Amino acid sequence: MIRAHILVCAGAGCISCGGHALKDVLATELKKRGLDEEIKIVETGCMGPCDLGPVMLVHPEGTFYQRVTALEVPRLVEEHFIKGRLYTKLLPKDDVTANVVTTQRDFSFFAKQEKIVLENCGLIDSENIEEYIARDGYAALGKVLTSMKPEQVIAEIKASGLRGRGGAGFPTGVKWELMAKAPVTPKYVICNADEGDPGAFMNRAVLEGDPHRVLEGMAIGAYAMGANRGFIYIRAEYPLAIKRLNIAIAQAYKHGLLGKNLFDTGYDFDIEIRIGAGAFVCGEETALMRSIEGRRGQPMPRPPFPAQRGLWGKPTNINNVETWATIKPIILKGAKWYASFGTEKSKGTKVFALAGKIRNTGLAEVPYGTTLREIIFGIGGGIPKDKKFKAVQTGGPSGGVIPAQHLDERVDYESLQKLGSIMGSGGMVVMDEDSCMVDVARFFMDFCCDESCGKCPPCRVGTRQMLNLLDRICTGEAELADIEKLESLATVVRDASLCGLGQTAPNPVLTTLRYFRDEYLAHVVEKRCPARVCRELLEFRINEETCVGCSLCARACPVHTIFKRDGQKKYYIVEDACIQCGACFDACRFDSVLKTSDGMNARSVAPAALETSSTRATKPVMEK
Amino acid sequence: MNLEELKKLKEKAQRQVALREGSKKYRVVVSMGTSGIAAGAREVMKSMLDEIEKRGLEDVEVRVTGEVGLEDVEPVVRVEEAGGEKTTYAHLDAEKAKKIVAEHLEQGKKVENLAVGKEKKPE
Amino acid sequence: MIAPKKITLTIDGRRCEGQEGQTILQIAQASGISIPTLCYLKHLSPWGGCRMCIVEIVGSPKVVPACSTPAVDGKQVVTNSESLQKLRRSTLELLFSERNHICPFCVMNKGDCELQQQGYRHGIDAISIPYLYPAWPVDVSGKYLALDHNRCILCTRCVRTCEEMEGTHTLDISHRGAKNRVVVDLGATFGTSDTCTNCGACVAACPTGALFDKAAAFRGKLNTCQTVRTTCTECPVGCGLLVYTKENRIVEVFGDFDSPVSQGHLCVRGRYETWAEPRQRILQPLLRRHEKLEPATWNEALEAVRQAAKKAKPAQKAVLVSPRLNNETIATLKKFERIGMFVARDEAALCAEGDRSPDSMAKLHDADAIIVLGAQPSRAQGVVAAKIRTTVRLRKAKLLIFHTRKSDLDQYATICANVVSLERKFWGRVAEELKDAKRPVLVYGPEAMTPIGVAVLERLIKIFEGKASGPAPALIALPTGSNSLTLAAGGIEPVEEVGPWLDAKPLKFLHIIASDEPDGGARLLDEKYVRPLLEEIDCVVVQAAYQSRLTDLAKVVLPATIWCEKQGTITNFEGRELPLQAVLPPRGEARQDLEILNAVLK
């Protein structure tokens with residue numbers, strides 16, 4: 001008999017820090033100890049707390065172990081499985097309660113979440129359809145096909161208040177209804193798994209951890225809308241998700257849960273995988289469809305909407321992975337149950353990907369209406385190294401930046417929009433006091449500029465011009481007029497662009513201008529970067545009081561501009577030759593290299609000069 | 001596949017993952033402290049695991065624990081019932097362990113002659 | 001069919017009526033409201049990329065492109081608000097700043113450039129954002145086409161034209177964002193492209209000076225030229241030409257979008273070869289004196305011809321004509337006792353018996369199955385090939401090809417068979433493919449008239465007869481000569497082999513009318529067989545526009561007009577009578593074919 005299950009996280013995060021090796025080492029160790037017949041190892045999808053990886057969960061006790069390296073395995077097996085004691089060394093410490101956590105349920109990161117989409121992630125073997133079936137898998141499809149009419153399914157989804165999880169938040173039931181009403185056949189359904197936002201990985205987690213749930217959701221939706229063919233459009237950068245999807249599809253066909261005559265009802269449904277080639281814009285539904293058709297992935301104006309003219313000119317429904325993954329519980333537990341979560345206009349739960357300067361990086365599923373503070377501090381554990389929270393960027397590269405004063409805002413579609421940001425796919429990049437908001441805006445603008453498909457001039461040229469302006473600000477070459485220019489360009493790009501990429505690309509700029517205008521002014525007027533990030537505006541000096549003369553800085557300097565004082569064990573930087581690369585700052589172990597950005601103040605220039613265009617002349621011209 | 005087949009498959013599959021769902025009728029806790037292992041607790045446990053499997057018992061989970069403070073009567077096994085009743089068996093060996101499985105875990109009859117004490121359900 | 005529903009819009013406060021399915025732009029244009037456009041072209045699918053035609057729909061938060069947005073009954077549309085003006089101006093500024101749009105150095109300067117026109121229209125006199133000054137290459141490797149990326153605004157009109165009109169999809173956009181550029185094939189140049197047919201439709205579509213005709217560059221601004229519509233006589237399709245001339249010179253030739261046959265499309269022959277190729281024109285009559293061809297006056301030349309004709313008995317006189325001759329010449333030609341029309345191999349039967357199907361081009365456009373038997377449209381009738389390509393590629397028709405020579409159409413065919421090696425069971429597959437055809441078209445060329453071609457044709461007809469339902473295919477004969485079907489129908493005997501025809505009855509006088517055949521009629525001159533026969537004839541008169549080996553052995557050479565100087569009509573392969581309109585006066589002393597013929601017969 002198997003007395004224990006070890007669930008080893010095989011999400012991409014844990015795999016990349018040794019999850020696969022962990023499984024092999026565990027297997028060897030158990031065998032060596034003669035435990036291999038009593039203890040089973042299961043590889044699951046992402047459990048959520050990715051920065052604690054590799055993580056594993058031991059059942060029946062529910063003990064959660066973090067950072068399980070191969071070296072720790074023999075001790076762990078000895079302690080936990082032979083001697084029956086907790087191996088405390090690898091138990092996580094709760095950042096919120098500061099207690100050592102003995103079971104998964106006690107860990108704030110998990111305890112405060114409401115897992116609906118992720119209910120199976122980290123609990124089942126995603127490559128084994130039976131484990132999914134054991135957790136009510138395909139029961140919803142069976143129920144729908146054998147006892148519900150398509151209209152009833154749509155009514156149920158409408159009643160649940162589910163809104164599309166891809167970003168725009170269009171009511172899913174209404175979208176399905178539009179498509180169901182289209183008189184043309186054939187119809188298609190598409191799962192949009194082209195998750196391209198940097199820092200967003202909730203779709204990947206679902207596809208890697210619970211792929212059948214997506215297939216089931218698609219089959220239900222296709223039945224409700226009268227489609228018999230579905231496509232999953234997934235980015236090539238997700239090889240593991242593709243592999244597991246392929247396995248899942250093959251298993252579903254083998255068990256007769258995809259293909260012809262499902263549940264003996266005569267309903268047929270086929271799913272194909274289409275792999276994207278790494279263009280961000282292909283997450284936009286019209287571009288995605290063109291890409292599936294084998295054409296260049298560029299968006300088309302809507303209307304006509306995909307429900308009217310989609311793939312190959314036929315009615316098509318596109319939903320995000322997370323949306324499809326929500327269908328099964330709604331059908332099984334009812335619209336009322338689902339609508340009991342969330343706020344008035346945003347029902348249910350949302351998976352957020354926490355990234356950036358936050359203790360618990362990873363995935364958190366919470367009901368809509370949870371405050372930003374609860375997500376970032378309650379679940380995410382706050383900012384590491386006791387730094388100050390500065391802002392959170394929601395909704396991916398085209399989302400906006402939300403400052404600390406709005407931390408108690410309840411997160412839903414409307415509230416984020418009011419703050420100038422968007423829900424997007426649910427990415428949350430947390431920034432602390434060391435983040436320069438102009439640099440952040442430049443980073444995201446660089447991304448959007450690079451990913452602009454180039455179809456419409458506002459986005460193609462506008463993002464490039466905005467990036468150039470931001471570059472000028474970050475390097476201290478900008479004038480006050482450039483901020484106005486930036487602002488007016490941003491509105492043009494927002495209002496005139498064809499698709500969501502261009503329309504939202506200025507969001508980081510617009511929100512940072514709205515909440516952190518002083519930082520822009522500091523860059524432009526005072527030529528300093530308050531967060532000490534923008535390289536061209538930094539000065540490096542050595543505090544000779546504390547310098548121990550170890551020479552690490554001088555050896556790190558790529559331009560050999562750090563010298564030893566004659567006869568002293570002290571070093572100094574020749575500022576004129578310094579390229580502000582920061583190598584000395586990183587190299588020093590005694591905090592003796594000082595990084596400052598005092599800009600004009602340091603050079604004691606009369607304030608009157610600030611407003612004139614001669615500002616630039618007072619600053620030594622920096623080579624890029 | 002039809003609904004009936006899906007249901008059957010689900011029942012079969014649930015057995016495989018039941019361990020992760022918690023709450024079983026019986027929880028067998030084997031004391032695996034140093035003294036327990038020295039006295040043969042592992043053999044006792046293995047024999048119980050084999051027997052449980054042989055008899056196809058599903059509502060049982062087996063855990064191990066450290067010292068329980070009964071060093072001189074090891075190997076010790078505690079059977080905890082969902083209702084809260086706990087029975088501790090001591091001085092076990094492989095054969096006795098099989099008996100516990102056969103009588104207590106399968107038929108629900110305590111093996112009185114092996115039990116060392118009974119903890120009543122807390123009020 | 002149900003008539004489309006009438007709808008009413010309010011555009012800029014005016015009530016405008018249209019039909020359901022029309023776009024806002026179509027209704028606005030029909031109502032005389034001008035909305036600026038750049039990437040829009042009437043005959044191409046809407047793209048919605050340039051953001052010039054953006055309009056506001058009252059009640060909708062975002063602006064929408066008028067060119068692609070279907071009009072909805074009862075909506076109010078604003079096309080010219082302050083904020084729209086600002087967005088358009090800003091978009092134009094961004095476009096101007098993007099590449100090197102330096103007007104004085106552009107072939108399209110002063111009025112031909114649509115970007116420049118939009119600049120004027122929106123009052124752009126300075127640009128508030130920095131120029132990006134990219135360094136883009138210029139591709140002048142093509143024979144006729146040139147591509148200057150510096151002038152490109154990435155409207156993709158060329159890309160869509162290439163896909164939707166020519167069907168080759170030679171052009172597309174590569175890279176992303178600011179690095180976008182138009183590419184030929186997969187990064188080739190026009191000079192090295194495998195797929196480009198040099199149809200030149202992309203140049204016609206380009207709103208700026210990015211794509212231009214090498215031959216036309218800097219010849220003159222099109223908006224200062226005279227334009228004349230005429231008909232191409234290079235093949236029996238009869239495409240409409242729009243010829244731009246200035247000071248009695250051709251500046252550029254474009255397809256005529258009003259043409260009922262070609263709807264603006266042309267192939268390389270009509271678009272370029274007729275005017276951008278160096279050819280040696282004959283500009284005055286030549287008379288053989290002292291074994292040498294010497295210039296002569298028309299009177300001398302005509303007199304010499306009449307004298308020679310008088311010497312021969314009627315049975316010893318013959319006229320041999322090119323299949324390009326106008327309908328008007330038929331009656332006059334008949335005054336000769338022997339009249340031959342020299343045609344290509346296997347074409348005699350095709351000219352004599354070929355089927356004409358009214359509105360063939362429209363049928364090809366709407367076909368759901370196209371069978372090409374023994375024809376080579378991509379060599380000889382480029383516009384038909386383009387129509388087949390687009391019908392197959394865009395409208396998903398089936399294509400079945402039976403032939404003996406490979407062509408670029410083969411790659412789009414569901415069945416492509418060499419007629420020489422057909423197996424029995426193969427016909428099952430053909431029948432299977434044609435099973436559901438509701439609008440089948442059979443295009444056949446000269447090879448269909450060979451015994452094996454006829455066998456295939458019979459098989460195909462049997463398949464269609466064997467079908468329980470569905471119509472018989474529209475039959476379209478596709479000869480190579482532009483007017484050969486009409487001339488043959490008019491009683492002029494098509495002659496494939498000139499040798500035996502000459503041999504049949506010895507001649508003393510032969511008048512060859514090569515007209516503006518590009519080779520001057522040299523193709524009928526078989527060195528071993530025909531030349532000795534011609535040399536035996538007392539008087540060979542060659543009436544041609546271009547010099548050739550044939551004119552070299554003539555006794556009298558009479559200068560003929562070329563396509564752009566001709567007047568009259570021809571009847572195309574659909575049976576449609578099309579006008580030839582003289583674009584230029586005859587060059588040198590050239591005269592119309594009919595005029596010369598009448599003078600000779602006087």
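Chain C of this predicted model has an average pLDDT of 92, and 99% of the residues in that chain score at least 70. For the model as a whole, the scores are an ipTM of 0.90 and a pTM of 0.89.

With that in mind, let me turn to how the chains meet. Two pairs of chains touch, and of these 2 pairs it is chains A and C that have the most contacts between them. Chain B and chain C, on the other hand, are not joined by any contact, and their closest C-alpha atoms are 35 Å apart.

Let me take the pair A and C in a little more detail. Here 26 residues of chain A are in contact with 27 residues of chain C. On the chain A side, at least two residues each come from helix 17 (437-451), helix 18 (457-474) and helix 19 (480-496). Which of the helices of chain A gives the most to this side? That is helix 18 of chain A, with 7 residues. If we sort the residues on the side of chain A that touches chain C by class, we find 14 nonpolar, 4 polar and 8 charged.

The other contact is the one between chains A and B, and it takes 23 residues from chain B and 28 residues from chain A. On the chain B side, the elements that give two or more residues are helix 1 (3-17), helix 3 (41-54) and strand 2 (60-65). Helix 1 of chain B supplies the largest share of that side, namely 8 residues. By class, the side of chain B that touches chain A consists of 12 nonpolar, 6 polar and 5 charged residues.

Staying with chain B for a moment, you can follow its fold from the N terminus as α-β-α-α-β-β-β-α-β, which comes to 4 helices and 5 strands. Its C-alpha atoms fill a box of roughly 55 × 35 × 25 Å along the principal axes, and 31% of the 123 residues of chain B count as buried. If we look at contacts in chain B between residues at least 6 apart in sequence, 70% of them join residues that are at least 24 apart.

Now to the interior. The largest nonpolar core has 401 residues, and those with the most contacts inside it are M56(A), I220(A) and M466(A) from chain A, together with V55(C), I370(C), L373(C) and V443(C) from chain C. What does V443(C) touch, once residues up to four places away in sequence are left out? The residues in question are I370(C), I371(C), V372(C), A375(C), I476(C) and L478(C), and I370(C) is itself on the list of core residues with the most contacts.

Chain C also holds an open sheet of 3 strands, in the order 6-7-10, with antiparallel pairing. Strand 6 (138-139) and strand 10 (211-213) of chain C each have a single partner strand, so they stand at the edges of the sheet, and one side of each is left without a neighbour there. Strand 6 of chain C is joined by 2 bridges to strand 7, residues 145-148, and the two run antiparallel. Within that pairing, V138(C) has D148(C) of strand 7 as its bridge partner.

I will finish with some details of the backbone, beginning with chain A. A cis peptide bond, with omega of about 10°, links H59(A) to P60(A), and P60(A) sits in the loop between strand 3 (56-59) and strand 4 (63-65) of chain A. The bond from P303(A) to P304(A) is cis as well, with omega near 0°, and P304(A) lies in the loop between helix 12 (285-292) and strand 9 (316-320) of chain A.

In chain C, R51(C) is not a glycine and yet has a positive phi, near 65°. You will find R51(C) in the loop between helix 1 (24-30) and strand 3 (54-57) of chain C. Is R51(C) buried or exposed? R51(C) counts as buried, because 29 C-beta neighbours lie inside 10 Å of it, where 20 or more are needed.

S515(C) is likewise not a glycine, and its phi is positive at about 50°. This residue belongs to strand 24 of chain C, residues 509-515. S515(C) is buried, because 28 other C-beta atoms lie within 10 Å.

Technical notes:
Residues are numbered from 1 along each chain as its sequence is written. Chains are lettered from A and ligands numbered from 1 in the order in which they are written. This is a predicted model: local features need pLDDT of at least 70, side-chain atom pairs count only at pLDDT 80 or more; totals for chains, interfaces and linings use all residues. Two residues are in contact if their C-beta atoms, placed from the backbone, lie within 7 Å. A residue is buried if 20 or more other C-beta atoms lie within 10 Å of its own, exposed if 12 or fewer, and partly exposed in between; C-beta atoms are placed from the backbone. Ala, Val, Leu, Ile, Met, Phe, Trp, Tyr, Cys and Pro count as nonpolar, Asp, Glu, Lys and Arg as charged, and the others, Gly among them, as polar. pLDDT is the predictor's confidence in each residue, from 0 to 100. A nonpolar core is a set of buried Ala, Val, Leu, Ile, Met, Phe, Trp, Tyr and Cys residues joined through C-beta atoms within 7 Å. Two strands pair if DSSP finds at least two bridges between them.
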